[in-house]
Amino acid sequence: MSDSCSSKPVASGCGCGAEVKFDGATPAYRRALAWVIAINLVGFVVVLIGGLIQGSASLSANALDFLADSATYAISLWAIGRSVAVRTGAALFKGVSLGVVALSVVGFAAWRAWSGAAPSGEAISALGLFGALANLVAAGLLVRYRDGDANVRSVWLCTRNDLIQCLAVAATGVLVWLTGSRWPDLIVGVLLAGVFLMSAYQIIRQALDEHRADLATS
């Protein structure tokens, strides 16, 4: 770093000579995050209806992720500007919640493997593209804030993963349509659960590192 503090937004309590991660405590970031929460709530309602009608594992995974993101982003918004302990605690909660969502998707896919017919490939692709568009808008709002503390970075990681996930869901619809089988939908649902678990691990690891660093300096 330079001899003077950067002009970029930084965490409260900035001290020169130490690397400081952006903690989201700016009006611009709060507004962006509020918009992203609204986008995810709309995505949840639309994709959930489609997932329930079609009995699709990949769409259900998508809908659950929209809901989980809405809740965890609201926690992120609440945690902005609070102590390191509070922010890392919020990030830990988000990481654990994402892991629970992943395991729920695996359970649903396992149940669907033994019951039900193949969902509509066209419907899966259409809703997957809708979700991708929603997450592309959200990613555009958040891309400048992708490097921050565990609380801020977890929001970016979830949004980036959601964009990839929705594109995978759209591709799954094509495979279901071509094969007339439910297996592509079930397999992608489980693979997406694996992506959720990896993100949960990254969020939890960074939160624990920041918590230990805070304890060492307090």
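**A walk through the helices, starting at Tyr73**

Tyrosine 73 is a sociable residue to start from: leaving aside residues up to four places away in sequence, its contacts are Leu33, Val36, Ile37, Asn40, Val155, Cys158, Thr159 and Asp162, where contact means heavy atoms within 4.5 Å. Before going further, please note that this is a predicted model, in which local features need pLDDT of at least 70 and side-chain atom pairs count only at pLDDT 80 or more, while totals for chains, interfaces and linings use all residues. Residues are numbered from 1 along each chain as its sequence is written, and side-chain values use heavy atoms, with hydrogens and water left out.

Tyr73 also appears in the largest nonpolar core, which has 45 residues; Tyr29, Tyr73 and Phe196 have the most contacts inside it. A nonpolar core here is a set of buried Ala, Val, Leu, Ile, Met, Phe, Trp, Tyr and Cys residues joined through side-chain atoms within 4.5 Å. Two or more residues of this core come from each of α1, α2, α3 (84–113), α4 (121–142), α5 (150–179) and α6 (183–217). The top contributor is α5, with 9 residues. Helices are DSSP runs (H or I, at least four residues), numbered from the N terminus.

Now to helix α2, residues 57–79. With 23 residues at 1.5 Å a residue, α2 should span 33 Å, and its end C-alpha atoms are 32 Å apart, so the two values agree; the expected span is 1.5 Å times one less than the number of residues. Alanine 68 lies in α2 and counts as buried because its relative accessible area is 16%; buried means under 20%, exposed over 50%, and partly exposed in between (1.4 Å probe, protein chains only). Between alanine 68 and asparagine 40 there are 8.9 Å in space, C-alpha to C-alpha, and 28 residues in sequence. After α2 comes glycine 81, with a positive phi near 80°.

Turning to the surface, Val42, Val45, Val46, Ile49, Ile53 and Phe130 make a nonpolar patch of about 520 Å². Such patches take residues with over 30% relative accessible area and no salt bridge, with nonpolar side chains (Val, Leu, Ile, Met, Phe, Trp, Tyr) joined within 5 Å. Helix α1 (residues 27–54) supplies the largest share, 5 residues. Valine 46 sits in α1 and is partly exposed, because its relative accessible area is 33%.

Finally, the structure holds 1 salt bridge, meaning a side-chain nitrogen of Lys or Arg within 4 Å of a carboxyl oxygen of Asp or Glu. The partners are aspartate 209 and arginine 212, at 2.5 Å, N to O. These two are 3 residues apart in helix α6, so about one helical turn separates them.

Conventions. Patch = residues over 30% accessible without salt bridge, like charges linked within 9 Å, V, L, I, M, F, W, Y side chains within 5 Å. Areas by Shrake-Rupley, 256 points an atom, 1.4 Å probe, with all protein chains shown as cover.
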